[in-house]
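Reader: I am new to this structure and should like to learn how to read it. May we take its features in turn?

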Amino acid sequence: MNVWKNTIVALLMTAVMAVVLGLGYPLVVTAIAQALFSDKANGQLVYREGRIVGSRLIGQPFSSAGYFRSRPSAAGSAGYDPTASGGSNFGPTNRALVDRVAAGVAAARRKDQTKPVPIDLVTASGSGLDPHISPAAAEFQMARVARERGIPESVVRRVVAEHTEERDLGVLGEARVNVLLLNLALDARYPMRK
């Protein structure tokens with residue numbers, strides 16, 4: 001009789017905990033997040049003219065010469081696939097990685113200049129979806145973007161400076177530039193020439 005009583009108590013406790021922790025807790029946390037941090041809880045989506053154009057948190061490709069380019073992506077077969085986030089897992093001695101980086105450096109030099117190519121323009125991040133580039137990577141692309149938009153490089157430099165995020169708390173991470181927000185700011189102020 002004691003075994004049955006303990007079994008029933010264990011089953012009831014499991015059911016109660018499943019409801020409380022499996023349904024109740026997630027609903028409470030979701031409600032609090034929506035109430036206090038709605039933008040962050042919903043993926044920090046960026047809207048223009050009522051349409052979603054991207055997220056502040058997920059990198060995306062830009063191919064036009066008048067736009068700053070993001071880091072390469074190893075997420076998914078074509079890259080920039082948010083459902084397949086991840087790096088290539090190639091080590092520094094892997095021939096495929098060495099060849100891909102060498103090809104990326106050659107392509108960057110053809111498109112921009114002969115200055116040293118910043119590493120983040122030829123290597124993917126760990127997630128493959130990093131929305132940021134370094135200030136050096138932005139600097140490397142300024143002349144091309146200014147030329148394509150028909151504006152002085154000093155103007156592009158000022159917009160990049162406005163969109164450069166410093167280290168968090170002054171010590172965490174590195175300075176960075178969100179490529180999507182930078183390109184949208186340029187489109188708003190200095191649209192591409194036809």
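Author: Accessible areas come from the Shrake-Rupley method with a 1.4 Å probe, and for residues only the protein chains shown count as cover. This is a predicted model, in which local features need pLDDT of at least 70 and side-chain atom pairs count only at pLDDT 80 or more, while totals for chains, interfaces and linings use all residues. Residues are numbered from 1 along each chain as its sequence is written, and side-chain values use heavy atoms, leaving out hydrogens and water.

Reader: What area does the chain expose, and what percentage of it do carbon and sulfur atoms supply?

Author: The chain exposes about 12100 Å², of which carbon and sulfur atoms supply 62%.

Reader: How many helices and strands does the chain have?

Author: Helices (H or I, at least four residues) and strands (E, at least two) are DSSP runs, numbered from the N terminus. Here there are six helices and five strands, in the sequence pattern α-α-β-β-α-β-α-α-β-β-α.

Reader: Which order do the strands take in the open sheet?

Author: Strands of a sheet pair through backbone hydrogen bonds, either parallel or antiparallel. Two strands count as paired if DSSP finds at least two bridges between them. In this case, three strands form an open sheet in the order β3-β5-β4, with antiparallel pairing. Its edge strands, each pairing on one side only, are β3 (132-133) and β4 (164-165). Two bridges join β3 to β5 (residues 176-178) in the antiparallel sense, and Ile133 stands opposite Val177 in β5.

Reader: What does the C-alpha trace span along its principal axes?

Author: The span is about 85 × 45 × 35 Å.
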